[in-house]
Amino acid sequence: MKNASPTGMNSLLFFLTFVCLTTIIMKISYAWLKEYIGLDLDPKKTADILTDIGLEVEGMEEFESVRGGLEGVVIGEVISAERHPNADKLILTTVDTGQKENLQIVCGAPNVRKGQKVPVALVGTILYIDEEPVTIKRTRIRGVFSEGMICAEDELGLGTGHEGIMVLDENATVGAPASDYFNVVKEVIFEIGLTPNRIDGASHYGVARDLAAYLKLRGDAILSLPRVEPFKPDNREHPIEVIIENKEACPRYTGVTVSGIEIKESPLWLQNRLRSIGLSPINNIVDITNFVLHETGQPLHAFDADKIRGRKIVVRTLEEGSLFVTLDEVQRELSGEDLMICDAEDGMCIAGVFGGINSGVTHDTANVFLESAYFNPAYIRNTSKRFGLNTDASFRFERGTDPEMTLYALKRAALLIKELAGGKISSDIVDVYPKKLVPVQVRVFYSSFDRLIGKKIDPKTIKSILNYLDIKILVESDKGLSLEVPLYRVDVNREADIIEEVLRIYGYNEVEISDEVKSTLSYFDKPDKEKIFNMISDFLSSNGFFEIMVNSLTPNVYYKSNTDYPEEKTVKLLHPLSNELNAMRQSMLYGGLEVISYNINRKNPDLKLYEFGNCYSFDKNRKVAKPLDRYKEQEHLALFITGRKNERSWNSTDEHTNFFSLKSFTENILERLGFDQDKIELEDSLQEQFSEGIKYIQNNKTLVELGQVNRKLLTKFEIGQEVFYADFYWTEVLSSLKNHVIQINELPKFPEVKRDLSILIDKKIRYKQIKDIALKTEKKMLKRLSLFDVYAEEKIGKDKKSYAISFILQDEKKTLTDKQIDQVMNRLAKAFEDELGAKIR
């Protein structure tokens with residue numbers, strides 16, 4: 001970014017927005033991972049393998065179910081407990097901690113007694129009390145040394161109670177680590193940078209599946225999910241009917257009822273599983289659905305079955321403008337394209353995105369209906385973006401879940417609920433799957449592996465890897481394979497994708513670096529775009545301009561009722577991130593005004609800005625051979641100036657920028673690029689965005705439009721000062737440069753002569769007319785002319801103005817005489833009088 005020096009940064013507040021596809025951090029527990037695949041690798045080696053196969057481990061952290069892991073805390077036995085000699089409320093104890101000598105500890109708890117087993121923090125132990133680290137030291141308390149601390153549960157991080165010390169089971173072993181007694185969990189957590197295309201890796205089983213493929217190729221690995229064969233209905237007393245009205249949006253929907261449950265706190269093992277990946281436990285039912293989601297990648301939803309009116313689930317869309325209150329107590333207006341899970345009367349849940357406030361599980365819930373479904377990613381993505389709701393469920397649904405996992409996940413969750421919440425499975429599984437989804441089939445050739453990888457891989461190895469990746473071989477020949485890709489691999493649908501899958505399991509590092517060096521001679525079209533870009537950037541930066549970069553996505557509202565840039569020419573996004581970013585910009589003006597408004601609101605009103613960027617348009621009426629040719633992308637250079645010309649100082653004037661300031665910069669850029677100003681025509685700009693403006697034209701092509709931005713437009717951006725804007729049609733500028741020829745002329749030996757002329761003309765006459773007449777009248781000796789003064793007071797006439805113009809004359813073969821000069825000036829004066837009705841002053 002130009003002009004970004006330490007001092008320069010203080011003079012401009014940057015308004016910068018980027019939209020990009022970034023990785024999502026997915027937390028994967030190493031201990032949890034090992035439940036699905038037999039691993040004897042250390043975490044560091046496992047992380048390296050995951051990175052090699054495309055699941056990049058960006059970080060590793062250690063999770064402890066109790067902060068600090070109770071390091072330095074042991075089980076002790078109180079040998080004696082007597083009143084402190086110098087304090088009525090303190091107890092002087094002697095505690096056996098399994099060391100050679102007993103410890104003397106001063107305790108303030110009222111419940112300490114001789115013979116108790118207690119947790120003792122030894123000297124040097126760090127406890128986290130109210131999240132603050134506290135180091136236990138040998139301390140003198142009321143004249144008596146205390147050599148440790150008998151702890152309450154809140155001091156250990158095991159609860160919130162502080163009524164007294166923790167009294168442990170009498171069978172606890174003296175000297176044993178407290179972490180063993182309390183089953184403190186310590187495990188390694190991988191932070192995987194999940195790219196948007198690898199949604200199949202958004203679960204512990206998904207990661208284990210990829211890891212198993214790598215390990216199977218190099219030895220042996222057993223991959224398995226927990227068994228769900230024990231699943232069977234206990235009774236059929238609570239059936240729920242399921243009807244899918246919108247089969248495109250919901251290809252598959254499964255559900256089952258579990259009755260007689262008890263909502264309570266989850267067991268410690270489940271709470272620790274969720275905490276290890278950054279989730280907060282809520283209750284046993286919600287925790288189970290979250291657990292299964294992060295185990296299998298399949299989102300689930302639990303409804304209070306007693307709140308499902310009509311004992312019926314209907315998957316459909318509601319009328320445009322329908323109101324629905326979500327779980328966060330916000331009333332939302334639905335689109336006619338938002339898929340809803342309804343009962344017989346009304347909506348209960350925004351499918352795949354967010355639950356409703358009246359149908360969710362509460363502490364009074366006794367019966368639940370579990371949902372496990374596959375939703376069309378486009379529907380979920382549109383709804384999620386429309387409402388700005390990003391949940392764990394929508395994250396997976398909008399990228400594509402595995403329709404074959406819905407049934408397993410449902411059974412797994414139902415069995416866990418039965419185990420951890422009691423109750424009975426009180427219905428058959430409802431599985432509505434009207435039209436089975438068909439896996440993608442891909443044809444791949446062995447020669448393509450050699451060509452794209454750069455190494456010949458044994459076909460047996462290729463087939464083994466495909467088998468480990470669940471890619472089914474349908475037809476096999478000497479030249480290649482016909483394959484069927486599993487439904488959970490939504491990103492694999494081309495030959496190149498298959499080759500990439502094989503290569504990442506085979507190992508990128510197994511492909512040797514060739515000794516050959518291949519090169520090509522590069523030819524760059526003239527003009528060199530990068531060179532010109534840097535030249536103009538340096539020119540503007542050296543003149544006090546700051547480069548800005550504004551998002552090319554913009555609100556479509558800017559182009560409503562816009563005559564300069566009609567809305568019908570706007571390129572609109574099918575799936576916008578938000579209503580503020582739902583169209584491609586037609587002009588760089590509006591983004592620049594956002595930047596100016598942003599800076600002015602932060603007391604930075606004096607600005608000179610520039611931006612190189614692209615603008616986009618669409619012409620639906622254009623007759624083209626290819627539909628994409630109706631879209632146009634053009635490069636532009638935008639200049640903005642506003643506020644004072646110079647920074648306030650005792651030795652500078654308080655002069656503000658104006659139209660001619662920007663005009664000067666514009667013409668300097670054109671001159672720097674090699675344009676002949678005499679061959680450029682000036683016309684008034686007709687754009688309504690300008691209160692006054694001009695445009696530079698060469699060979700019937702507009703190069704630049706510049707002017708003062710309309711006051712009405714500035715008001716929309718809450719800008720109260722004048723703004724001047726120049727728009728270089730950079731694509732046209734570069735195209736015109738292709739025809740530029742560099743000419744070298746001998747320097748003239750004879751001097752130039754300057755003569756001034758003051759003429760009185762009508763106000764409607766433009767300087768360009770005067771210039772054209774002068775150059776036409778005297779083609780040989782008139783080299784250039786310039787306007788150096790304009791006077792337009794009423795004393796010279798209401799509709800009159802006076803121009804003072806300098807004329808530069810030169811004869812390249814001899815020195816001009818006064819007589820020749822006078823003859824030229826007389827011819828010019830007469831031409832002005834005859835053609836413009838001018839009066840020579």
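Visitor: Which residue follows helix H12, and what is its phi?
Guide: This is a predicted model in which residues are numbered from 1 along each chain as its sequence is written, and side-chain values use heavy atoms, with hydrogens and water left out. Local features need pLDDT of at least 70 and side-chain atom pairs count only at pLDDT 80 or more, whereas totals for chains, interfaces and linings use all residues. Helices (H or I, at least four residues) and strands (E, at least two) are DSSP runs, numbered from the N terminus. H12 is followed by Gly454, whose phi is positive, near 85 degrees.

Visitor: How many degrees around the axis do the buried residues of H12 cover?
Guide: In H12, residues 446-453, the buried residues (under 20% relative accessible area, against over 50% for exposed and partly exposed in between, with a 1.4 Å probe and protein chains only) are Tyr446, Ser448, Phe449 and Ile453. They lie on the same side of H12 because the arc that they cover around the axis is only 155 degrees.

Visitor: What covers the buried residues of H12?
Guide: Contact here means heavy atoms within 4.5 Å. The cover includes strand E25 (441-445), helix H13 (459-468), strand E27 (480-484) and helix H14 (495-506).

Visitor: How many salt bridges are there?
Guide: A salt bridge is taken as a side-chain nitrogen of Lys or Arg within 4 Å of a carboxyl oxygen of Asp or Glu. By this rule the count comes to 47.

Visitor: How many residues apart in sequence are the parts tied together by Glu187 and Arg273?
Guide: Glu187 and Arg273 form a salt bridge whose closest N and O atoms are 3.5 Å apart. Since Glu187 lies in strand E12 (residues 186-194) and Arg273 in helix H7 (residues 268-276), the pair ties together parts whose separation in sequence is 86 residues.

Visitor: Is Glu345, which pairs with Arg309, buried or exposed?
Guide: The salt bridge between Glu345 and Arg309 has its closest N and O atoms 3.4 Å apart. Arg309, at 35% relative accessibility, counts as partly exposed. For Glu345 the relative accessible area is 55%, which makes this residue exposed.

Visitor: Which residue does Arg138 meet in a salt bridge, and over the face of which ring does Arg138 lie?
Guide: The side chains of Arg138 and Glu147 meet in a salt bridge at 3.7 Å, N to O. A charge sits over a ring if NZ of Lys or CZ of Arg is within 6 Å of the ring centre and within 35 degrees of the ring normal. At 3.8 Å from the ring centre, Arg138 lies over the face of Phe145.

Visitor: Which word describes the pair of rings of Phe533 and Phe612?
Guide: Rings of Phe, Tyr and Trp (its six-membered ring) pair if their centres lie within 6.5 Å, and planes under 30 degrees apart count as stacked, over 60 as edge-to-face and the rest as tilted. The structure holds 20 aromatic pairs. With the centres of Phe533 and Phe612 4.5 Å apart and their planes at 55 degrees, the pair is tilted.

Visitor: Which residues form one aromatic cluster with Phe533 and Phe612?
Guide: Phe533 counts as partly exposed at 24% relative accessibility, whereas Phe612 is buried, with a relative accessible area of 16%. The cluster formed with Phe533 and Phe612 also takes in Tyr610, Phe728 and Trp730.

Conventions:
Arc of directions from axis to C-beta.
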